[in-house]
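Subject: Structure handover, with notes on side-chain contacts

Hi,

Here is the structure I promised to pass on to you. Please have a look at it first, and then read on for my notes on its side chains.

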Amino acid sequence: SIHQNAQKLLRLINQLLDLSKIEAGKQHPIIAKHDMISQLEQILQGFEAYAQQKQIQLKYKFPVDTLWVYYDSDILEKCLSNLLSNAFKHTPEDGKIGVELELDTIFVDGISHVRKVLLRVMDTGRGISEAHLPHVFDRFYQIPDVAKVVGTGVGLSLCRELMNLHLGDIQVKSKLGEGSTFEIYLPYVENA
């Protein structure tokens with residue numbers, strides 16, 4: 001219990017430091033070529049034991065086995081880990097959490113070209129009411145009727161700011177009582 005609480009405190013401090021760096025203009029993406037599929041699988045495998053412990057089905061599927069892309073792997077890890085942590089917080093036992101990867105493509109002269117990568121995190125949790133949806137990415141915003149779940153309102157705000165730094169985006173779709181879907185959009189760069 002002490003170790004878990006210390007880890008939560010460390011994550012919060014790191015998130016606040018990241019926000020401070022962004023405000024000061026000192027945070028910049030470190031773009032390098034990575035296999036995004038490999039990284040996503042590693043992050044998700046880190047949540048599998050937690051899913052079993054909470055009796056939640058964690059499913060993920062990707063359209064390709066490898067996807068070499070230029071992006072900041074730290075930003076992707078922070079955002080996906082935050083979205084998964086939130087999904088687990090708000091999804092009851094016997095619920096489901098899914099992660100999908102979609103490639104937004106266009107055809108030029110009959111050849112398919114990927115324009116951006118869409119990463120989707122879906123859950124069957126309590127969902128978010130329409131009144132709160134416009135504010136979920138506001139810094140320190142907490143939904144008042146979710147008293148049982150402890151949070152600080154920092155994680156989603158940090159994800160939005162990190163996505164903006166990466167020239168990407170994050171959006172949410174949700175209905176109260178029906179779960180939530182968070183979508184991360186990253187530009188697809190084959191050559192840097």
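A residue is called buried here when its relative accessible area is under 20%. Phe137, at 10% relative accessibility, therefore counts as buried. Please keep in mind that this is a predicted model, and that the numbers below are computed from it.

Let me stay with the aromatic rings for a moment. There are four aromatic pairs in total. In one of them, the rings of Tyr50 and Phe88 have centres 5.0 Å apart, and because their planes stand at 55 degrees the pair is tilted. Tyr50 belongs to helix H2 (residues 36–54) and Phe88 to helix H3 (residues 73–90), so to speak two distant parts of the chain, 38 residues apart. Their surroundings are worth a look too: Tyr50 is partly exposed, with a relative accessible area of 34%, whereas Phe88 is buried at 0%. Ring pairs also bring in Phe47, which forms a cluster with Tyr50 and Phe88.

Phe137 has a ring partner as well, namely Phe182. Their centres are 6.2 Å apart and their planes are at 85 degrees, so this pair is edge-to-face. Here the link runs from the loop between E5 and H4, where Phe137 is found, to strand E7, which holds Phe182, with the two positions 45 residues apart in sequence. Phe182 is buried, its relative accessible area being 9%. Phe137 has a charged neighbour, too: the charged end of Arg160 sits over its ring, 4.2 Å from the centre.

Now to the charges. Side chains of opposite charge can pair when their charged atoms come close. How many salt bridges does the structure hold? The count is six.

One of them joins Glu183 and Arg120, at 2.9 Å from N to O. This pair connects distant parts of the chain, 63 residues apart: Glu183 is in strand E7 (residues 179–187) and Arg120 is in strand E5 (residues 111–123). Are these two residues buried or exposed? Both Glu183 and Arg120 are buried, and for Glu183 the relative accessible area is 4%.

Glu183 also forms a salt bridge with Lys173, where the closest N and O atoms are 3.6 Å apart. Lys173 lies in strand E6 (residues 169–175) and Glu183 in strand E7, so this contact ties together parts that are ten residues apart in sequence. Through shared partners, salt bridges join Glu100, Glu102, Arg120, Lys173 and Glu183 into one network.

Another salt bridge is made by Arg139 and Glu161, at 2.6 Å from N to O. Arg139 is in the loop between E5 and helix H4 (155–165), while Glu161 is in helix H4 itself, and the two are 22 residues apart. Arg139 is partly exposed, with a relative accessible area of 28%.

Last, the cysteines. The number of disulfides is zero. Cys79 is in no disulfide, and the nearest cysteine sulfur, that of Cys159, is 3.7 Å away. Since a disulfide needs the two sulfur atoms within 2.5 Å, this pair does not qualify. Cys79 counts as buried, at 0% relative accessibility, and Cys159 is buried as well, at 2%.

Happy viewing, and all the best!

Terms used. Residues numbered from 1 in each chain as written. Predicted model: local features only at pLDDT ≥ 70, side-chain atom pairs only at ≥ 80, totals over all residues. Heavy atoms only, no water. Salt bridge = Lys/Arg side-chain N within 4 Å of Asp/Glu carboxyl O. Helix = DSSP H or I, 4+ residues; strand = E, 2+ residues; numbered from the N terminus. Buried < 20%, exposed > 50% of the residue type's maximum accessible area, 1.4 Å probe, protein only. Phe/Tyr/Trp six-rings, centres within 6.5 Å; stacked < 30°, edge-to-face > 60°. Lys NZ or Arg CZ within 6 Å of the ring centre and 35° of its normal.
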